[in-house]
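Below is a brief report on one protein model. It covers selected residues, the nonpolar cores and a surface patch.

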Amino acid sequence: MTWQAWTTIAVIISMILVLARGRFGPDVVVVGAVSLLVFLGVLTPGEALAGMANQGMATIAVLYVVVCGLTETGAVRWIGSVLLGNPKSQTRAMIRLMLPVTALSGFVNNTPVVAMMIPAIGDFCRRQQWKVSKFMIPLSYAAILGGTCTLIGTSTNLVVHGEWIASGRNAMGLFEIALVGLPVALAGLVYLLTVGRKLLPERGSIFNAKSDARAYTVEMIVTPEGNVDGKTIEQAGLRHLPGLYLAEIEREGSILAAVSPNEKLQGEDRLVFVGQVDSVVDLQKIRGIEPATDQVVKLHEPRPNRVLVEAVISNSHPLLGQTVREGKFRTRYNAVIIAVSRNGEQIRKKIGDIIIRQGDTLLLEAPRSFVTQMRDSRDYYLVSEVANFAPVRHEKAIMAIGIVVLMVALATIQPTLPIPMVAGGYVKVGMLHAAVLAAGLMLVLRCCYGWQARKSVDWTVLVTIAGSLGLGHALAVSGAAQQIADGMTSLAGSSPWMTLVLVYLMTMVLTELVTNNAAAVLMFFVAESASAKLGVDFKPFAITIMMAASASFSTPLGYQTNLMVMAPGGYKFMDYTRVGAPLNLLSMAITVGLTPLVFGFELPAHP
């Protein structure tokens, strides 16, 4: 091998060792490795930065905007409640999560599926007070396993099939790979529900009900004919709210205290909750209930431009001793009181009837300018903005879901559309086209706003993916990948099955080190040459490459969905190795065992 090949291998091995220690973020380590290869002359700057123009990376970036639209309209919470429900155990929750994700990923690009489910799972785990690290890796792995069941399930399958057709062979059937992929997927799900579940880390904070001494009293009204009207408290998801409890219900002038979880809610019910500020923020996002005060709609500011603010009443506040209504609080401050905290006690009055006292902590909905205007005011001891609050636009939830359905349909069908302005006059719609269209519609139709979309993009994931593509290019241009692949396949001698095993191993290793598409392309030509030398059919090798390049579980770098769940799940590099390595071996055993039996090595009569 050339010095460039040895250098590339040394840099990649060093990178993996640094990542395994977990002291630095994956984006920093990967970019550092690529930068070193540029400095040493293995890569040109253009080759190192080529990953930034990769369609897969660009698609993920745009999908963050699409998911932002789903989140800001409350659609994510609704999707999560439909799929996950209210299971009694984590095992049941994993089943309800993984089965639909696996099935959907067989026909839909698994990247948007995972992107859509990440915030839904985060919200679900918060409500259930479960560790989110128990669900994010299973989400990614279920999506990967589902993608191995059809020809359109992953971009890797499409890349390999594209090379298969380009070499003059007849197209494969949509479900031809399922003869191997479906058994792998079923075995993988069983593993995750049994052994894998026990290997998942206990990481990520659950809600600590004692972390904040301030207990707010907040009133919400059930929207007539809304999402929770006619449902029991448990069915509406209002029973197990972390850090928050339903103290009483006011219905037609009577008070229902010590409310049963089987109590059915009715339109115009006034619900009195007691809890902490983060929980009150979550309460505002639940579809079918709204703040009891009618002052919210009277603020002179569009709701998307408002924030939640905590303000502590000082001893010089002009409304001391007056009720909120008497003091005309909204008119005076252009802010609406959502909840009040007073030394942890429950205030059994409507917001308008509460008498303002020194030391009361008010939770306000106000324009963004309120914080700067009142921060130095003598009326308040303290004024601070509550993080992670944005008014949810429930009325646009159906629209946001419709946009995602359109995106999925276009990405699946991939129609060819007449566009006179482009060369050739036609454009074949791919995943990137569909995602860009969906993101544009989310912004134009105001499902989310520009500042929210910019804030939603996870640059750590994007930079890591782009850097990984640069490393894959380094393996290719230095000749390291070809040399390693040739050396491993020569070990098999004249045995087709041993060659198949080594092709799987090499594809799996390359996938974990770089990216699945790069590994699949590199190994396609190596395996094609090996099958020709052995005089056997190439189809078992092509199927094996699809499976090995798609079934990437041992590192976060091998597959983009693994990277997407890394930060939300609070994972470290070695978490993937501990949970994913046995799954990699299981997938390999089933694939190399079934593929020769299903497809055979004999050359077809009419290739």
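## Thr595

Thr595 has 0% relative accessibility, so Thr595 counts as buried. The model is predicted. Thr595 sits in helix 25, which spans residues 573-599.

What does Thr595 touch, not counting residues up to four places away in sequence? The contacts are Val180, Leu500, Pro540, Ile543, Thr544 and Gly600.

## Nonpolar cores

The largest nonpolar core holds 136 residues. Ile121, Phe135, Leu139, Tyr141, Met407 and Met442 touch the most other members. Helix 4 (residues 55-72) supplies the largest share of this core, with 11 residues. Apart from this core lies another, of 27 residues. Leu271, Phe273, Val280 and Leu283 are among them.

Take Met407. Neighbours within four places in sequence aside, Met407 is in contact with Leu63, Val66 and Pro112. Met431, Ala434, Ala435 and Ala438 are also in contact with Met407.

## Cys448

Cys448 lies in the loop between helix 16 (431-444) and helix 17 (450-456). Is this loop residue, Cys448, buried or exposed? Cys448 counts as buried, because its relative accessibility is 0% and the cut-off for buried is under 20%.

Cys448 and Gly69 are 379 residues apart in sequence. In space, their C-alpha atoms are 4.9 Å apart. Gly69 is also one of the residues that Cys448 touches, leaving out those up to four places away in sequence. The others are Val65, Cys68, Glu72, Arg393, Met442 and Leu443. Met442 appears again here: Met442 is among the residues of the largest nonpolar core that touch the most other members.

## Ser133

Ser133 is in the loop between helix 7 (110-128) and helix 8 (136-147). Its relative accessible area is 0%, so Ser133 is buried.

A polar atom of the Ser133 side chain lies 2.7 Å from the backbone oxygen of Pro201. Residues up to four places away in sequence aside, Ser133 touches Leu200, Pro201, Glu202 and Arg203. Ser133 also touches Gly569 and Tyr571.

## Surface patch

Which residues form a nonpolar patch on the surface? They are Trp3, Leu36, Phe39 and Leu40. Together they have about 460 Å² of accessible area.

Leu40 is found in the loop between helix 2 (26-39) and helix 3 (45-49). Leu40 counts as partly exposed, because its relative accessibility is 35%.

Conventions:
Residues are numbered from 1 along each chain as its sequence is written. This is a predicted model: local features need pLDDT of at least 70, side-chain atom pairs count only at pLDDT 80 or more; totals for chains, interfaces and linings use all residues. Side-chain values use heavy atoms; hydrogens and water are left out. Helices (H or I, at least four residues) and strands (E, at least two) are DSSP runs, numbered from the N terminus. Buried means under 20% relative accessible area, exposed over 50%, partly exposed in between (1.4 Å probe, protein chains only). Contact means heavy atoms within 4.5 Å. A nonpolar core is a set of buried Ala, Val, Leu, Ile, Met, Phe, Trp, Tyr and Cys residues joined through side-chain atoms within 4.5 Å. Patches are made of residues with over 30% relative accessible area and no salt bridge: like charges are joined within 9 Å, nonpolar side chains (Val, Leu, Ile, Met, Phe, Trp, Tyr) within 5 Å. Accessible areas come from the Shrake-Rupley method with a 1.4 Å probe; for residues, only the protein chains shown count as cover. A salt bridge is a side-chain nitrogen of Lys or Arg within 4 Å of a carboxyl oxygen of Asp or Glu. A polar contact is a pair of N or O atoms within 3.5 Å; within protein, one must be able to donate a hydrogen and the other to accept it, and residues adjacent in sequence count only if both atoms are side-chain atoms.
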